[in-house]
Structures are given as C-alpha cells and as structure tokens.
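New to this one? Take a look at the picture below, then read on for a quick tour.

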Amino acid sequence: MNPRKKKKKAGFDPQDKFFLLAKSKGYKSRAAFKLLEITETCHLFRPKQRVLDLGAAPGGWSQVALKAVGKPGLVVGIDLQAVTVEAPNYIFIEGDILEPATWAKLPEAERNFDVVLSDMAPSTTGIKFTDQSRSAELVEMAWQVAEQCLKPGGHFVAKLFPGETLGSIKKQLKRQFKQLKEMKPAATRKTSNELYLVALGYQP
Ligand SMILES: C[S@@+](CC[C@H](N)C(=O)[O-])C[C@H]1O[C@@H](n2cnc3c(N)ncnc32)[C@H](O)[C@@H]1O
C-alpha cells in the first residue's frame, strides 16, 4: 500500500455534533468551538483589542475574535485560502505565512496585536514524523511573527501536532510568558492528536 495514501480514520464523522452546531449558529467552521472553549477557560480577549489570526480560513476563529473584541477592535486574518468573513473591522490577507511577502502586505503601523492566534495546520501526509515536523515549522513561524508584533502582556495561542519539538517549543514559550497551558478542547476530533499551546502574559 502507498504509505502516502491517507486512510479514512475509524470514528471520523465529518458531520459530527460540532459541525451541526457550527452550521446552526452561523460559524464558518466547527473549529470556532475550540477557540470558544479556550477563550472561556483562559479569558483571552477584551473589547477593543487587536487580534491576529494565522491560518484563518474558512473563518470560524476570526468570527469568534470579532465578536469578542467588538466594533472598536480589529481582527487581521491570514491564510493560503480565501476567507469570506465580512466586517468593517476585519482585514484579510491571502498568502503563505512562510513567505515574507505575505507579512509585508500588512502596513508596519498595523503590526501590533494583543492576541496572536495560530490554528495553522499543514496538509497532512499520513506520515506522522513529516506531519509533526511541518506542524512544528508552522508554530515556529507563528511565534516568529508574534515576537515582532505582540504587545507586552499579550497572549499567543498555537495549534500543534505534538512530536519531538514539543518540549523545546514549550520551553521557549515558558521563558517569555507568565503562564503556559496545554489544551485539547472538546471540539477536537477524537481521531486527531492536535493540541493547543496557550501562552498568557507576554513578557518580552
Ligand atoms: C484548521 S484550518 C483553520 C481553521 C480556522 N481556524 C477556522 O476557524 O476556520 C488550518 C488553516 O491553516 C492554513 N495554513 C496552513 N499553512 C499555512 C501557511 N503556510 N500560511 C498561511 N496559512 C496556512 C490552511 O490553509 C488552513 O486554512
């Protein structure tokens, strides 16, 4: 069998409870419920804040952030794929975060945020080591971006497929934040081993 061919995982239901809930509540993705749970537990947002959402498509997390920060706040989403969220206080940049040209599309004066989110995920190959390394590369990149634009006291949330680098990423974040939590929200699929690193209180 071709090891690159993705197997359908047992127990994977594309239209599970959270999918249906997202549809009924008007969220672009079931992922919205992961951020809602993280927010409820860690009190990520306050009204009027500025949020950067890396890996924003199709837009569930951006919707949650927009609601939390309200009209005087701002949300900037970046993704390889288009996002159809529309709001006067939403800026969307289509592009690859690994390319400096993408980040350059955001004017320098806008590059300051209270919260930086990354729900970026690589296209999975089914090869555990490759998927973990690509996921770690995205977290590293998200952190490099956050280091340039996160305000002191700000928060950083990143999705990760845990592998060998988990320890070093956690160590790095622990040094720079007051608190670091690991979360696996209820909306995470049972078939996924992803987790979220929630780093609170940036102290550069
Ligand atoms: C799980 S989805 C995000 C779901 C989103 N948080 C939501 O609530 O709708 C992961 C996203 O990461 C994006 N992504 C992966 N690699 C990326 C990269 N290098 N630059 C920008 N976006 C990337 C993918 O295009 C994909 O849309």
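## Starting at Pro152

Let's begin with one residue and its contacts: setting aside anything within four places in sequence, Pro152 is in contact with Tyr202, Gln203 and Pro204. Keep in mind that what you're looking at is a predicted model. Pro152 sits in strand E5. Is Pro152 buried or exposed? Pro152 counts as exposed, because it has just 8 C-beta neighbours inside 10 Å.

One of those contacts, Tyr202, is 50 residues away from Pro152 in sequence, yet the two are 5.2 Å apart in space, C-alpha to C-alpha.

## Over to Tyr202

Tyr202 belongs to strand E7. Unlike exposed Pro152, Tyr202 is buried, because 21 other C-beta atoms lie within 10 Å and the cut-off for buried is 20 or more. Which residues does Tyr202 touch, not counting those up to four places away in sequence? They are Leu150, Pro152, Gly153, Gly154, Phe156, Gln176 and Phe177.

For a pair set farther apart, try Tyr202 and Ala82: 120 residues separate them in sequence and 30 Å in space, C-alpha to C-alpha.

## The sheet

Now for the strands. Seven of them make an open sheet with mixed pairing, in the order E3-E2-E1-E4-E5-E7-E6. At the edges you'll find strand E3 (90-94) and strand E6 (177-183), each pairing on one side only. On average, neighbouring strands here are turned by 10° against each other, ignoring direction.

Here are two of the pairings. Strand E4 (residues 113-118) runs parallel to strand E5 (residues 150-160), with five bridges between them, and Val116 has Phe156 as its bridge partner in E5. E1 and E2 also run parallel and are joined by five bridges; in that case, Arg50 has Leu74 as its bridge partner in E2.

## A well-covered strand

E2 is mostly covered, with six of its six residues buried. That goes for both faces: Leu74, Val76 and Ile78 are buried on one side, and Val75, Gly77 and Asp79 are buried on the other. As background, side chains in a regular strand alternate between the two faces of the sheet.

## Helices across the sheet

Two helices are handy landmarks here. Helix H2 (residues 32-42) lies across E5, E6 and strand E7 (195-202), and runs at about 40° to E7. H5 lies across strand E1 (50-54), E4 and E5, and its angle to E5 is about 170°.

## The nonpolar core

Which members of the largest nonpolar core touch the most other members? Among its 55 residues, the answer is Val116 and Ala142. Helix H5 (residues 128-149) gives the most to this core, namely seven residues. In soluble globular proteins, nonpolar side chains tend to be buried together.

Ala142 has contacts beyond its neighbours within four places in sequence: Leu54, Ser118, Met120 and Ala158.

## Around the ligand

Finally, the ligand. How many residues surround the ligand? There are 23, and the closest are Ser29, Ala31, Gly55, Gly60 and Asp119. Helix H3 (60-69) and strand E2 (74-79) each supply at least two residues of this shell.

Sorted by class, the shell around the ligand holds 14 nonpolar, five polar and four charged residues.

Notes: Residues numbered from 1 in each chain as written. Predicted model: local features only at pLDDT ≥ 70, side-chain atom pairs only at ≥ 80, totals over all residues. Core = buried A, V, L, I, M, F, W, Y, C linked by C-beta atoms within 7 Å. Buried ≥ 20, exposed ≤ 12 C-beta atoms within 10 Å, placed from the backbone. Helix = DSSP H or I, 4+ residues; strand = E, 2+ residues; numbered from the N terminus. Contact = placed C-beta atoms within 7 Å. Near = placed C-beta within 6 Å. Nonpolar A, V, L, I, M, F, W, Y, C, P; charged D, E, K, R; others polar. Pairing = 2+ DSSP bridges. Axes fitted to C-alpha atoms, helices over the stretch in contact; angles between N-to-C directions.
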